[in-house]
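Please look over the sequence and the model below before reading on. The paragraphs that follow take up one helix and then the empty spaces in the fold.

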Amino acid sequence: MLQQIGAQTYAWVQPDGTWWLNNAGVVAGEDAVLVIDTCATAARTRRFLDAIAGLGPVRYAVNTHQHGDHTYGNSLLPATTVIIGHERMREGLRTDPVIDGCPPFWTPVPDWGPVARRLPDVTVAGGLTLHAGGRRVELRHPGGPAHTTGDLIAWLPDDGVLFAGDLVFAGLTPLVFMGSVPGALAALDWIAAFAPSVLVPGHGPVLHGAADITRVLDDHRRYYELVRSIGRAGLARGVSPLEAARGADLGPFASWPDAERIVLNLHRVYADESDHDFDLAGALTDAITWLGGPMHTAVNE
């Protein structure tokens, strides 16, 4: 669903925002359109591009991070579109095996359709200011790992609109298994310092106004602090991330969609606190064990 959130600025919101159902964005200028992220499947990306076809040619695209729900649709963009991403995001997508065939960690297993791996043409490290059709768009990296190691936000200072990618989830369980819990916490303060009037999260409804934005950022802070506390307690007891998750009281966060991400996030805490490599396959296996079956997605609908 396309929502206008500013002067020629739009959010593409995919309810209910759970696994593989992301938000994207559009900034239209005088003679150019910038899109912020694509979608997971060919069908969903085509719906998005069809909805914005009347706004003008898509000259630029930004990927906020490497995950497939924000990048697999890149190959549906016009061949002339210049794609921009963080240098670590490009490498992550280059080596991502899931686009070649999704493992059965989700039900139903996602069907990407006719997509192909298409990497950014331009990479940045700290940031870049883009002038798209006369519109100023500032692309910024939070300075360290947060949701992933290669996150970017898109900030429109003239409109007060911030596209946060997956640094923010609105009303859903956040995910930091490929990033950092301390880094994700620091990124919240960094985002708040922009003082946006509209914030488009990577998943969930668009946030309007300081009160709405502050509430969601505060919810994230409390959740991340809980994850860190559970993780440190589990390490002190010598139990696995799965065991720590099974014994944890998630309190108000237990009712958030995708609650099984507690297991993935705890694997990240354990890896960072113990200084060992993160086991992606092991973390996903533990998540479905905690849940009692594969994680649900409606991305094929």
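Which residue just after H5 takes a positive phi? In this predicted model, that residue is Gly238, with a phi of about 75°. Helix H5 itself covers residues 210-237, and its 28 residues reach 41 Å from the first C-alpha to the last, which is close to the 40 Å expected at 1.5 Å a residue.

Along H5, the buried residues include the hydrophobic side chains Ile213, Val216, Leu217, Val227 and Ile230, and also Asp219, His220, Arg228, Gly231 and Gly234. The elements that cover the buried residues of H5 include the strands S12 (161-169), S13 (198-203) and S14 (207-208), together with the helices H4 (181-192), H6 (241-246) and H7 (261-274).

Strands S12 and S13 return in the lining of the largest cavity, to which they and strand S3 (24-28) each supply at least two residues. A search of the whole structure finds 1 cavity of 30 Å³ or more, and the largest cavity has a volume of about 50 Å³. Of its 13 lining residues, Asn23, Asp37, Phe163, Gly165 and Pro201 are the closest to the centre, and the lining as a whole divides into 6 nonpolar, 6 polar and 1 charged.

The largest pocket, by contrast, has a volume of about 420 Å³ and is lined by 24 residues, with Trp20, His67, Val98, Phe177 and Met178 nearest its centre. Strand S12 contributes here too, since S12, helix H2 (68-71) and helix H8 (280-291) each supply at least two residues of this lining, whose classes are 14 nonpolar, 6 polar and 4 charged.

Methods: Residues numbered from 1 in each chain as written. Predicted model: local features only at pLDDT ≥ 70, side-chain atom pairs only at ≥ 80, totals over all residues. Heavy atoms only, no water. Helix = DSSP H or I, 4+ residues; strand = E, 2+ residues; numbered from the N terminus. Expected span 1.5 Å × (residues − 1). Buried < 20%, exposed > 50% of the residue type's maximum accessible area, 1.4 Å probe, protein only. Contact = heavy atoms within 4.5 Å. 1 Å grid on protein atoms, 1.4 Å probe; cavity = no way out; pocket = protein on both sides within 12 Å on 5 of 7 lines; lining within 4 Å. Points joined across faces, edges and corners; volume = space filled by probe spheres on them.
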